[in-house]
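Subject: Handover of a structure, with notes

Dear colleague,

I am passing on to you the structure we spoke about, together with some notes for someone who has not looked at it before. Please have it open while you read.

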Amino acid sequence: MATDSVLRPGELKEVLLKEIEAADLQALDTQEVGSILEVKDGTARVYGLASAMAGEMLEFSVSETGETISGLALNLEEDNIGSVILGDYLKLREGDEVRCTGRVLEVPVGKGLIGRVVDPLGNPVDGLGPIKAEAHRKIESQAPGIIARQPVKEPLQTGIKAIDSMIPIGRGQRELIIGDRGTGKTAIALDTIINQRGQDVICVYIAIGQRNSTVAGVVEHLRETGAIEYSIVVVAGAADPAPMQFIAPYAGCAIAEYFMYEHNRHTLCIYDDLSKHAQAYRQLSLVLRRPPGREAYPGDVFYLHSRLLERAAKLSDAHGGGSLTALPVIETQAGDVSAYIPTNVISITDGQIYLEGDLFYANVRPAINAGISVSRVGGNAQIKAMKQVAGRLRLEYAQYRELEAFAQFGSELDQATQRQLARGQRIVEVLKQPQYTPMPVEKQIAIIYAVTNGYLDDVAARDVRTWETEFHEFMDAKHAEVLKKIRTKRTLDDALIAELKRAIDGFTALQ
Ligand SMILES: Nc1ncnc2c1ncn2[C@@H]1O[C@H](COP(=O)(O)OP(=O)(O)OP(=O)(O)O)[C@@H](O)[C@H]1O
Ligand SMILES: [Mg+2]
């Protein structure tokens with residue numbers, strides 16, 4: 001028996017549809033909101049964000065002031081998540097709200113950053129006003145695969161004679177600078193940046209865990225030499241929270257990657273230094289109660305650096321041919337290269353430049369130990385003319401190092417040995433180079449040619465530096481065309497060698 005109160009199915013559907021349409025779902029806050037369980041040392045445990053992803057950006061709301069602070073979800077556990085706080089964690093309290101953003105951490109990128117000093121989140125810290133970003137880029141991204149790459153083939157001239165001749169670096173290579181405290185690691189990196197003037201390379205210097213005064217000094221030198229015009233400085237100082245130091249190299253790399261991928265440019269990233277980066281990561285891992293491993297570092301500390309350095313690349317022509325060269329810096333304790341972090345980074349890079357305290361204090365600066373420094377791929381990128389003179393240099397230098405130890409016994413030496421020793425001493429003198437004076441490759445070739453062909457054998461070792469300075473002045477003034485030919489031809493043919501010889505003869509005749 002039908003009654004009037006029964007709704008027909010068609011009517012029911014209509015009512016439901018009307019109700020659904022009327023509901024304003026946008027206005028409803030359907031976001032998951034969690035709350036802070038505890039805050040300590042730059043990290044927080046958060047309850048109630050069951051859908052957070054590893055590495056996702058979180059938003060902490062400070063209950064007292066209403067401002068928001070970014071965070072990063074790192075540990076996803078059963079009933080809570082461990083996250084790091086990228087900002088002033090002292091403002092946060094237990095019970096404050098936390099929201100997921102659904103995004104992985106990003107930094108602003110673009111030409112607006114060139115010439116600026118920024119923190120790892122891309123905020124300017126140089127007091128020069130806001131930065132206009134062209135885009136945002138995830139701080140962690142996958143390294144290009146083998147198909148997207150091509151072998152390293154162009155040189156990245158550092159302007160340092162000992163490096164460009166014996167440990168050459170190519171664009172897209174990863175070359176480690178390793179040494180004790182105060183042995184001139186930063187100096188090499190800085191000179192390399194200064195030498196990129198006019199070379200179409202964008203340089204990103206990432207200072208991790210250094211004193212702010214040291215970084216200010218670096219920025220000052222970049223300004224003085226004009227190198228800041230093509231450089232970006234990313235700073236996470238010793239006083240900044242460990243999470244900031246932890247993300248700094250990834251952020252800096254993303255800033256450089258943008259130019260490599262989107263503008264097909266050549267870039268150079270200097271991570272100064274990764275020892276302090278590993279320490280910052282160890283600190284926050286221990287606070288997050290991750291199990292400590294060797295030297296109390298968490299088990300994934302190798303992956304920490306490998307995923308960063310793998311992002312260095314020389315892209316194939318189909319992908320634009322841009323490059324990202326990485327110069328990570330590692331500080332050793334008392335020359336111990338077999339400690340955990342140094343061995344890790346040595347195994348990830350394509351070679352290393354060893355700096356030695358003993359050499360540094362014996363006034364051999366840059367204090368490069370050429371015997372154990374290597375570059376596994378850069379030789380392919382060296383210009384031919386440099387290869388021609390460098391082979392002999394390396395050989396004579398190695399022979400000298402061997403004989404030197406022997407000669408210390410003070411026994412009588414035959415003439416040939418004495419000659420080799422004298423040659424070696426002059427080579428050592430020629431390879432010394434003051435800071436902030438990178439040298440163009442053609443001048444390097446001229447002086448290396450002169451020393452390996454015996455033109456300096458009669459010059460007293462202590463006078464070699466003066467001889468060299470005057471020689472370069474003479475070449476600039478009288479034989480600029482020879483230098484130009486070396487630069488443009490990039491190889492020493494017989495005619496050019498004859499010209500170079502004549503020029504050097506002309507100079508020695510004046511002495
Ligand atoms: N080629 C050089 N000639 C003369 N002095 C140099 C040379 N290279 C570096 N120095 C000086 O040596 C000192 C240490 O250099 P630098 O700061 O580059 O070393 P570092 O290894 O980066 O030190 P830290 O471990 O403190 O970072 C500085 O005072 C610098 O001016
Ligand atoms: Mg340094």
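The notes below go from the protein as a whole to its nonpolar cores and then to the ligand.

Please keep in mind throughout that this is a predicted model, and that the values given here were computed from it.

To begin with the overall picture, the protein has 511 residues, of which 52% count as buried, and its secondary structure is made up of 15 helices and 17 strands. Taken along the principal axes, the box filled by the C-alpha atoms is roughly 125 × 45 × 40 Å. The accessible surface of the protein amounts to about 23700 Å², and carbon and sulfur atoms hold 52% of that area. If one looks at the contacts in the protein with a separation of 6 or more, 74% of them are between residues 24 or more positions apart.

Turning to the interior, you will find that the largest nonpolar core contains 77 residues, and that Ile193, Val233, Ile353 and Ile445 are those with the most contacts inside it. Helix 12, which runs over residues 441–452, supplies the largest share of this core, namely 8 residues. Ile445 may be a useful place to start looking, and if its neighbours within four places in sequence are left aside, its contacts are Ile383, Ala385, Met386, Val389, Ile486 and Leu492. Apart from the largest core there lies another one, of 61 residues, which includes Ala236, Val301, Ala312 and Ile346.

The remaining notes concern the ligand. There are 15 residues around ligand 1, and the ones that come nearest are Lys185, Thr186, Ala187, Gln433 and Gln435. By type, the shell around ligand 1 divides into 4 nonpolar, 6 polar and 5 charged residues, while the element that gives the most to this shell is helix 3 (residues 185–194), with 3 residues.

Several backbone atoms are also placed close to oxygen atoms of the ligand: a backbone N or O atom of Gly182 is 3.0 Å from an oxygen atom of ligand 1, a polar backbone atom of Gly184 lies 2.9 Å from an oxygen atom of ligand 1, and for a polar backbone atom of Ala187 the distance to an oxygen atom of ligand 1 is 2.8 Å. Ligand 1 would expose 630 Å² if taken alone, and the protein buries 67% of that area.

With best wishes

Note on methods. Residues numbered from 1 in each chain as written. Chains lettered and ligands numbered in written order. Predicted model: local features only at pLDDT ≥ 70, side-chain atom pairs only at ≥ 80, totals over all residues. Heavy atoms only, no water. Near = heavy atom within 4 Å. Polar contact = N/O pair within 3.5 Å; in protein donor to acceptor, adjacent residues only side chain to side chain. Areas by Shrake-Rupley, 256 points an atom, 1.4 Å probe, with all protein chains shown as cover. Helix = DSSP H or I, 4+ residues; strand = E, 2+ residues; numbered from the N terminus. Nonpolar A, V, L, I, M, F, W, Y, C, P; charged D, E, K, R; others polar. Core = buried A, V, L, I, M, F, W, Y, C linked by side-chain atoms within 4.5 Å. Buried < 20%, exposed > 50% of the residue type's maximum accessible area, 1.4 Å probe, protein only. Contact = heavy atoms within 4.5 Å.
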